[in-house]
Structures are given as C-alpha cells and as structure tokens.
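I opened this entry to keep track of what I looked up, item by item. The notes follow the order in which I went through the model.

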Amino acid sequence: IEYAPLKTAETVDTVELTGLRTPASGGNPDFELTPEADGYYVNLVRWTDVTDTKNPRALKETDTFDAGHKYEFEVWLRTNDGYKFRVGSDEWIDITATIDTREAEVVLPGGENAAILRMEFSIPQSKVISAVEVINVNKPYAGEHPDMEAFCITTGCNVSSVKWYDVTDGAYVQMAESDTFKVGHSYRVNVMVETEGDYTFLMVDR
C-alpha cells in the first residue's frame, strides 16, 4: 500500500465570529454566528441564564431575555480538515478570539481541534417613562409648511417621525413637507416617539 505524504495542518491562532444579535430585554437568544475564516466552524451555541448560580437554566430559541438577569454565552468550535488550533508550550489552546470585535474568553484547555469561547451579558433593569414632553411642534398658520422638527426633551426617548394630516371633512390626507396650510382646513399631527437604551414606556394592560 502506498501513501502520499500528509500535508502539515495549518495553524489557526486567531478566531473571529460575527453576526451575534446583542441580547436585550424581551429579545430571543441568537444561535447563528458566521466564522470569518476557513479554518474552523461553529459546532454548538449555548445560552444559559446564570442569574441564580445554584440553578442555571439553559435557553431555547423561543425563550426571551429578562431585564436584571445575567447570561452566559458559549460557542463550541471545531477545526476543519487540514487545520489545527495553536497550542502553547503548556499544552493549552493559545488563540485569541473575538465575537463582533468584542474579546471572548477561551475556556477549553488542551486539544488542537476543539475550542470553547465564553462571554457574559447582563440585561439592565429598564427605566420606565410614564410621561413624555415634546417641543417644537409649531402651530400651523395659513401659507406655512408643516413643521417636521419636533424634539423630545424627556430623558430616554427621541422623536423618530412627525406626520401631518389634513383631516378636513373627515378626510385623512398625509401632507408633504412642501405642502402649505390652508384657511378653513383642519389638521392633525402625529409624533412618533421611541425609547432608547435601557428605557421603556409604562405599560398598562398592554
């Protein structure tokens, strides 16, 4: 039997993964990541709620993140054929790893064909907004254009859109910025306000 000389495995010393959806209260765990090189692939992704250290709870794709909870995120990697992870003189895996440019901890010692990366996420408690104040919605005057520059001065929210409607005689016609107000017409303005960061609006019976 004849064998061709085996090719020396190419060493992987850097791992980069992208596409992780950042955890947020009410969101679902993301189990899809994209390797940015050919030497390795994602074998398993695991999310665990570790808020109660005595009773960690594994998450499924249909579970949701809760504010005030702490989560552990693990990615299990394997090398493709012809590749191996760099191993240091102490026989531990010696690679650097990032997930969406954030450094991940390499937690699996030894072995050149498998690695486990770990990150932790804490979901902050939401700050509730129960009242919103919007300014700069100027009163319409005949011949003027609708004012689209409303501003939310309440901390934790911002104006995402301003829409004016001509509601004369029961109509509901959206106005363009180039339109002008007319004497004798009735108008309605809708200001869309969205929360940002850790803020959320007060909910009553949904």
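Entry 1, the disulfide. I am working from a predicted model. I began with the cysteines and found one disulfide in the structure. It joins C152 to C157, with the sulfur atoms 2.5 Å apart. Next I asked whether C152 is buried or exposed. C152 counts as buried because its relative accessibility is 5%, and the cut-off for buried is under 20%. C157 also has 5% relative accessibility, so I noted C157 as buried.

Entry 2, around V134. I placed V134 in strand β13, residues 134-135. Its relative accessibility is 30%, so V134 counts as partly exposed. Which residues does V134 touch, leaving aside neighbours within four places in sequence? I listed A150, F151, C152, V159, V191 and V193. The list includes C152, one end of the disulfide. I also checked N158, which is 24 residues from V134 along the chain. The C-alpha atoms of V134 and N158 are separated by 9.0 Å.

Entry 3, the five-stranded sheet. I traced an open sheet in the order β5-β4-β6-β11-β10. The pairing is antiparallel. Which strands stand at the edges? They are β5 (57-58) and β10 (105-106). Each has a single partner strand, so one side of each is left without a neighbour in the sheet. I then looked at β6 and β11. Strand β6 covers residues 70-79 and strand β11 covers residues 114-122. Nine bridges join the two, and they run antiparallel. Across this pairing, F73 stands opposite M119 in β11.

Entry 4, salt bridges. I counted nine salt bridges. I wrote up three of them, starting with R118 and E74. Their side chains meet at 2.6 Å, N to O. R118 lies in strand β11 and E74 in strand β6, so the pair ties together parts that are 44 residues apart in sequence. What is the exposure of each partner? R118 is partly exposed, with a relative accessible area of 26%. E74 counts as buried, at 4% relative accessibility. I followed the shared partners from there. Salt bridges join R46, E72, E74 and R118 into one network.

Entry 5, R57 and its two partners. R57 forms a salt bridge with D49, the closest N and O atoms being 3.6 Å apart. R57 also forms a salt bridge with D63, where the closest N and O atoms are 3.9 Å apart. I checked exposure for each residue. R57 counts as partly exposed, at 37% relative accessibility. D49 is buried, with a relative accessible area of 6%. D63 counts as buried too, at 14% relative accessibility. R57 falls within the residue range of edge strand β5 (57-58).

Entry 6, nonpolar cores. How many residues does the largest nonpolar core have? I noted 26 residues. Those with the most contacts inside this core are V15, L17, W47, F73 and I99. The elements that give two or more residues to the core are β2 (14-18), β4 (40-49), β6, β8 and β11. Of these elements, β4, β6 and β11 also belong to the order of the open sheet. F73 turns up again here, having appeared earlier opposite M119. Apart from this core lies another, of five residues. Among its residues are A150, V162, W164 and F181. A150 is also one of the contacts of V134.

Entry 7, positive phi. Most residues other than glycine have a negative phi. I therefore looked for residues that depart from this pattern. E91 has a phi near 70 degrees, a positive value in a residue other than glycine. Where is E91 found? It is in the loop between β7 (83-85) and β8 (96-99). E91 counts as exposed, at 61% relative accessibility. D169 was my next stop. Its phi is positive, about 55 degrees, although D169 is not a glycine. D169 has its place in the loop between β15 (157-166) and β16 (173-174). With 80% relative accessibility, D169 counts as exposed, the cut-off being over 50%.

Technical notes: Residues numbered from 1 in each chain as written. Heavy atoms only, no water. Pairing = 2+ DSSP bridges. Helix = DSSP H or I, 4+ residues; strand = E, 2+ residues; numbered from the N terminus. Buried < 20%, exposed > 50% of the residue type's maximum accessible area, 1.4 Å probe, protein only. Disulfide = S-S within 2.5 Å. Core = buried A, V, L, I, M, F, W, Y, C linked by side-chain atoms within 4.5 Å. Contact = heavy atoms within 4.5 Å.
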